[in-house]
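Q: Please take a close look at one part of this structure. I would like a connected account of how its elements are arranged and which charged side chains pair up.

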Amino acid sequence: RLALGLEAGEASAVVLDLRALLAHAPPVQLSGLASHLSHELRNPLSSVKMAVQTLARNAGLSERDQRRLTIANREVRTLERMLWLLSEYARDSTPNMEPHAVRSLVDEALALINPELTERRVEVRVEEAADVPRVRMDTNRLRPVLAQVLLNVAMGQAQGGHVAVNIRPGAPGRVTLELGDPAGHTTEQERATLFDPFGSSLARGAGLSLAALHRVLIHQGGEVSAEVGPETAPDAQPEAGGGAGTVFTLTFAV
């Protein structure tokens, strides 16, 4: 990040390496940073959101202006989610663990991003094996993190495409959720830092959402990993939503 300013009446420029900053910051420092950012940015963001929603109620706006306001409202929601992810990544409190169905968690997460999925015309297809047990989780912390990861994957698909989610029993005492990202092509070296803050080369804001997902799952006795998806023929063009460049596997403890 490039920071511009004035020092002793002269212009100055400082280059900040956010990866290095977060890599060496203790959890307390991260928590303070997240709290400060949330306080400083949420109030003006709320004002922008209110102004956009007020303008959208004006029936005299042209179709073009209505589309612009729709885009503005969508980006405000994106900023709100990113601020929440930063706060969640820094949280170190004890999770409130209760039995919950993984399928219900996915449905609740999809409800949070339904406007974006509808606008993009991307369908998330969920398949669940029989006799999947309930798992122990803090749904209030997992739901929005999973929603952002699902949205990141969905936004990489062509309009009218689909995203595949598979839920099934895993190792004894475990349940797994597999999420295929056909557009998420990563190398072995990139996958080694995929869950570090801003360590992902994937677009669509995955650099923070994957880190937050990893941290939340670890704190709740689970884990998440990423592997190369099913291979396709070199000259083949995968269908929208078919195959996967990367497969994310979320593991939950029963």
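**The sheet and its helices**

A: Helix H6 (residues 139-155) lies across E6, E7 and E9, and its direction is at about 30° to E7. The model is a predicted one. A second helix, H4, also lies across E6, E7 and E9, and across E4 as well. With respect to E4, helix H4 runs at about 170°.

The strands named here belong to an open sheet of five strands, in the order E4-E6-E7-E9-E8, and the pairing is mixed. E4 and strand E8 (223-228) are the edge strands, each pairing on one side only. From one strand to the next, the twist averages 20°. In general, strands of a sheet pair through backbone hydrogen bonds, in either a parallel or an antiparallel sense. At the E8 edge, the pairing with strand E9 (residues 246-253) is antiparallel and spans six bridges. Within this pairing, Glu227 has Val247 in E9 as its bridge partner.

Which residues of H4 are buried? Helix H4 covers residues 102-112, and its buried residues are Val102, Leu105, Val106, Ala109 and Leu110. Looking down the axis of H4, these residues fall within an arc of 135°, so they line one face of the helix.

The other edge strand, E4, covers residues 123-128 and contains Glu127. Is Glu127 buried or exposed? Its relative accessibility is 53%, and because exposed means over 50%, Glu127 counts as exposed. Leaving aside residues up to four places away in sequence, Glu127 touches Val165, Asn166 and Ile167. Glu127 and Leu177 are 50 residues apart along the chain, while their C-alpha atoms are separated by 9.8 Å.

Now the charged pairs. Side chains of opposite charge can pair when their charged atoms come close. How many salt bridges does a search of the whole structure find? The search finds six. One of them joins Arg125 and Glu123, with 3.3 Å between the closest N and O atoms. Both partners are partly exposed: Arg125 has a relative accessible area of 42%, and Glu123 one of 43%.

A salt bridge also joins Glu178 to Arg168, where the closest N and O atoms are 2.8 Å apart. This pair links distant parts of the chain, with Glu178 in strand E7 (residues 174-181) and Arg168 in strand E6 (residues 162-169), ten residues apart. Glu178 is partly exposed at 22% relative accessibility. Buried means under 20%, so at 22% Glu178 still counts as partly exposed. Arg168 is partly exposed too, at 36% relative accessibility.

For comparison, here is a pair within a helix. The side chains of Arg68 and Asp65 meet in a salt bridge, at 3.2 Å from N to O. Arg68 and Asp65 are three residues apart in helix H3 (residues 63-90), so about one helical turn separates them. Asp65 is partly exposed, and its relative accessible area is 28%.

To return to the sheet: its order is E4-E6-E7-E9-E8, H4 lies across E4, E6, E7 and E9, and H6 lies across E6, E7 and E9. The Glu178 and Arg168 salt bridge connects a residue of E7 with one of E6.

How values were computed
Residues are numbered from 1 along each chain as its sequence is written. This is a predicted model: local features need pLDDT of at least 70, side-chain atom pairs count only at pLDDT 80 or more; totals for chains, interfaces and linings use all residues. Side-chain values use heavy atoms; hydrogens and water are left out. Buried means under 20% relative accessible area, exposed over 50%, partly exposed in between (1.4 Å probe, protein chains only). Helices (H or I, at least four residues) and strands (E, at least two) are DSSP runs, numbered from the N terminus. The arc is that of the directions from the helix axis to the C-beta atoms. A salt bridge is a side-chain nitrogen of Lys or Arg within 4 Å of a carboxyl oxygen of Asp or Glu. Contact means heavy atoms within 4.5 Å. Two strands pair if DSSP finds at least two bridges between them. Axes are lines fitted to C-alpha atoms, for helices over the stretch in contact, and angles run from 0 to 180 degrees between N-to-C directions.
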